[in-house]
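Visitor: Please take a close look at one single part of what is shown here, starting from one residue and following its contacts and its surroundings. I would like the cut-offs spelled out as you go.

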Amino acid sequence: METRKFKDLTIRDAFMFAAVMSDSEICRRVLELALGIPISEVHIQTSAGQY
């Protein structure tokens, strides 16, 4: 397993992607940008122990 410093992580890293997308407002805005449509609300569901 490769060890990287936190400051070197990007949104393309699985851990960082999960951390960023666990914030409902950030997730909503990313989805709006990706899909090109307005999204009124996002509900985050997580599974314990994945990361």
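Guide: A residue is called buried here when its relative accessible area is under 20%, exposed when that value is over 50%, and partly exposed in between, with a 1.4 Å probe and protein chains only as the basis. By that rule arginine 28, at 17% relative accessibility, counts as buried, and arginine 28 lies in helix 2, the part I will follow. The model is a predicted one, in which local features need pLDDT of at least 70 and side-chain atom pairs count only at pLDDT 80 or more, whereas totals for chains, interfaces and linings use all residues. Residues are numbered from 1 along each chain as its sequence is written, and side-chain values use heavy atoms, with hydrogens and water left out.

Helix 2 covers residues 24-35, where a helix is a DSSP run of H or I with at least four residues, numbered from the N terminus. The expected span of a helix is 1.5 Å times one less than its number of residues, so the 12 residues of helix 2 should span 16 Å, and the end C-alpha atoms are indeed 16 Å apart, in agreement with that value. At the start of helix 2, a side-chain oxygen of aspartate 23 comes to within 3.0 Å of the backbone nitrogen of glutamate 25. After helix 2 comes glycine 36, which has a positive phi, near 70 degrees.

Returning to arginine 28, its side chain makes a polar contact with the side chain of glutamate 32 at 2.7 Å; a polar contact is a pair of N or O atoms within 3.5 Å, where within protein one atom must be able to donate a hydrogen and the other to accept it, and residues adjacent in sequence count only if both atoms are side-chain atoms. The side chains of glutamate 32 and arginine 28 also meet in a salt bridge, 2.7 Å from N to O, the term being used for a side-chain nitrogen of Lys or Arg within 4 Å of a carboxyl oxygen of Asp or Glu. Because glutamate 32 and arginine 28 are four residues apart in helix 2, about one helical turn separates them. Glutamate 32 has a relative accessible area of 22% and is therefore partly exposed, while arginine 28 is buried. Glutamate 25 joins the picture as well, since Glu25, Arg28 and Glu32 are linked in a network of salt bridges.

Beyond its neighbours within four places in sequence, arginine 28 is in contact (heavy atoms within 4.5 Å) with Ile39, Ser40, Glu41 and Val42. Leucine 35, also found in helix 2, has a relative accessible area of 54% and is exposed. Leu31, Leu35 and Ile37 make a nonpolar surface patch of about 260 Å²; such patches consist of residues with over 30% relative accessible area and no salt bridge, nonpolar side chains (Val, Leu, Ile, Met, Phe, Trp, Tyr) being joined within 5 Å.

For context, a search of the whole structure finds four salt bridges. One of them pairs aspartate 13 with arginine 4, with the closest N and O atoms 3.9 Å apart; aspartate 13 is buried at 18% relative accessibility, whereas arginine 4 is partly exposed at 38%. Another pairs aspartate 8 with lysine 7, at 3.7 Å between the closest N and O atoms, and here aspartate 8 is partly exposed at 41% and lysine 7 is exposed at 67%.

Aspartate 8 sits in the segment before helix 1, as does leucine 9, and leucine 9 counts as buried at 17% relative accessibility. Leaving aside neighbours within four places in sequence, leucine 9 is in contact with Arg4, Phe15 and Met16. The C-alpha atom of leucine 9 is separated by 28 Å from that of isoleucine 39, which lies 30 residues away along the chain; isoleucine 39 is one of the residues that arginine 28 contacts.

Definitions and conventions: Helices (H or I, at least four residues) and strands (E, at least two) are DSSP runs, numbered from the N terminus. Patches are made of residues with over 30% relative accessible area and no salt bridge: like charges are joined within 9 Å, nonpolar side chains (Val, Leu, Ile, Met, Phe, Trp, Tyr) within 5 Å. Accessible areas come from the Shrake-Rupley method with a 1.4 Å probe; for residues, only the protein chains shown count as cover.
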